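Biologist: I've just opened this one and I'm new to it. Could you walk me through it, one question at a time?

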Amino acid sequence: MAGDDIFAAGFKETPYWWEAAPRPERPLQALPAQVDVAIVGAGFTGLVAALTLARAGRKVAVLEAQRLGEGASSRNAGYVGRTLKHSFSSLIDSRGLEGALAIYRDARTAYDFVYELVEREGISCHLRHSGRFMAALSPRHYDGMARELAIKQRHLGDDFAMVPKAEQHRETGSDLFQGGVMIPEMGSIHPGLYVNGLIAAAERAGAGLYDRAAVTAIARDAGGFTVTTARGSLKAREVAIATNGYTGRATPWLQRRLVPFNGFMVATEILPRELLDRVAPTNRTYHDWNNNLTYWRRAPDQDRLLLGWRTGSPTRDLKAKARRLKGRMDEILPDLKAARLAHVWTGQCAATFDMWPHIGSHDGMHYGAGYCFAGVPMGSWFGYKLAQRLLRANDARTAFDAEGFPTKFYYRGWPWFRPLAVAKFDWEDRRGL
């Protein structure tokens, strides 16, 4: 298919997830005059922090620039994993075995936390232990996967099964790959329904949620902070920043440490079940082994395939981006060449210069951000941990507590170098095949 032939009738440039979980349209509520804690950002982190603090008896106001949950939290791929951008073996080299174990044990805690939270709050969001298939684009990738996962299994007990090329059709309908690995303890979720469930849970707990209240300034004063928004100001004894890829000028220190980037996804029209069973027979989450990876999965609630690619590339024309992603889909899964696209969308995430998530405080304000492709588990867990920090709880510490949060002398919040970074990742991917 070429040109506009790839687009289904009613094609939308909005997230597929919003079909089942539209962003809440709410009447504007007046801001309170004073709260114990003001939380900036109503995504996973801000909502979980609000829920936890309100349950502990704190008066909380969550301030969101858009509609509640409209940012990356309701736009992402819905992968729930236990992996980070730094491999376990590289961490052993840089931080020693005990340091590597502490970090990856906390990554496991974040993964488990999502399941515990969803069960405790009764959130219906298609959360399941789907397992993940990671596909090798070369024999070198395959051997690298086997070495890394054997080390993790020896020290962490993580289960995995190598899938040679001759057997990969039991996992995927693709002939592109040179085998891969299946990791059973990985999950998937419907992020739109998850966000909506967190909104409902936070409000049940008594948190105040205020949308279309973009924060424009935060100033320290004798009683804590004055938080100025697009529709008024309020006093807060303490402040937590949970804006991640949408961090702006109101918090310049944090803005200089977070590099926003856009992820892109497409969703097909509804497909015959037998076709989906052929291209994704195990209904896992899938991705390749590149730095700038391609990822795909079946929709949890309808017979569609979702695919993401070209992370960090320019965003001027979403239809043009959809054509690029459809070309990648056809390359990986040629059985889908006749499938049309129903949705394309983008969401703004954030990386850090050291490729680590960071949680900490600066100038009296607490923050959790920089999830580096692990937004569902780390973003949710950091929300809980931010609340524990604010509550001065004994279990507030994590292996990600920010002793140092690097920036670059040339960076002031506008990522002009992002195309160069993407090109570097692409070059490393080609070199690594």
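**A walk through the model**

Modeller: Sure, and let's start in a loop: His 126 sits between α3 and β5 (132-135). Keep in mind that this is a predicted model.

Biologist: What is the phi of His 126?

Modeller: Most residues other than glycine have a negative phi. His 126 is not a glycine, yet its phi is positive, at about 60°.

Biologist: And is His 126 buried or exposed, or something in between?

Modeller: Buried would need a relative accessible area under 20%, and exposed would need over 50%. His 126 comes out at 36%, so it counts as partly exposed.

Biologist: Which other loop residue has a positive phi of about 60° although it is not a glycine?

Modeller: Look in the loop between β17 (341-351) and β18 (358-362). The residue there with a positive phi of about 60°, although not a glycine, is Met 355.

Biologist: Let's move to helices. How does the reach of α2 sit against the expected value?

Modeller: Helix α2 covers residues 44-55, which is 12 residues. At 1.5 Å a residue, 16 Å is expected. From first C-alpha to last, α2 reaches a close 17 Å.

Biologist: Why is α2 described as largely enclosed by the rest of the structure?

Modeller: Go through its residues and you'll find buried ones including Phe 44, Gly 46, Val 48 and Leu 53. The helix is largely enclosed because the count of buried residues is 11 of the 12.

Biologist: Which residues does Leu 51 of α2 touch, leaving out those up to four places away in sequence?

Modeller: Leu 51 lies in helix α2 and counts as buried at 3% relative accessibility. Ala 201 is 150 residues away in sequence, but the two C-alpha atoms are 6.7 Å apart. The residues Leu 51 touches are Leu 117, Glu 121, Ala 201, Ala 202 and Ala 205.

Biologist: Which residue with a positive phi follows α2?

Modeller: Here the phi is near 95°. The residue that follows α2 with that value is Gly 57.

Biologist: What about α9: how far apart are its end C-alpha atoms?

Modeller: Helix α9 spans residues 375-390, and 14 of its 16 residues are buried, so the rest of the structure largely encloses it. At 1.5 Å a residue it should span 22 Å. The ends agree with that, lying 21 Å apart.

Biologist: How close in space is Tyr 111 to Val 376?

Modeller: Tyr 111 is found in helix α3 (residues 88-121), and it is buried, with a relative accessible area of 1%. Leaving aside neighbours within four places in sequence, its contacts include Arg 82, His 129, Glu 185 and Pro 377. Tyr 111 and Val 376 are 265 residues apart in sequence, while their C-alpha atoms are separated by 8.4 Å.

Biologist: And Thr 251, is that buried or exposed?

Modeller: You'll find Thr 251 in the loop between β12 (232-241) and α6 (252-255). Not counting residues up to four places away, it touches Ile 218 and Ile 241. With a relative accessible area of 8%, Thr 251 is buried.

Biologist: Now for the empty spaces. How much space lies in the largest cavity?

Modeller: Searching the whole structure turns up two cavities of 30 Å³ or more. Among the residues lining the largest are Arg 82, Leu 149, Asp 158 and Met 186. By class that lining has three nonpolar, one polar and three charged residues. The space inside is about 40 Å³.

Biologist: Which helix gives the most to the lining of the second largest pocket?

Modeller: That pocket has a volume of about 260 Å³. Of its 12 lining residues, the closest to the centre are Asn 290, Trp 309, Asp 426, Asp 429 and Arg 430. The lining divides into three nonpolar, three polar and six charged residues. With three residues, the helix that gives the most is α10 (residues 418-431).

Biologist: Last one: what domain does UniProt list for residues 36-389?

Modeller: The span is 34% helix and 26% strand, and its end C-alpha atoms lie 14 Å apart. The name in UniProt's unreviewed entry is "FAD dependent oxidoreductase".

Definitions and conventions. Residues numbered from 1 in each chain as written. Predicted model: local features only at pLDDT ≥ 70, side-chain atom pairs only at ≥ 80, totals over all residues. Heavy atoms only, no water. UniProt positions renumbered as here; feature names shortened; annotations may be inferred. Helix = DSSP H or I, 4+ residues; strand = E, 2+ residues; numbered from the N terminus. 1 Å grid on protein atoms, 1.4 Å probe; cavity = no way out; pocket = protein on both sides within 12 Å on 5 of 7 lines; lining within 4 Å. Points joined across faces, edges and corners; volume = space filled by probe spheres on them. Nonpolar A, V, L, I, M, F, W, Y, C, P; charged D, E, K, R; others polar. Buried < 20%, exposed > 50% of the residue type's maximum accessible area, 1.4 Å probe, protein only. Contact = heavy atoms within 4.5 Å. Expected span 1.5 Å × (residues − 1).
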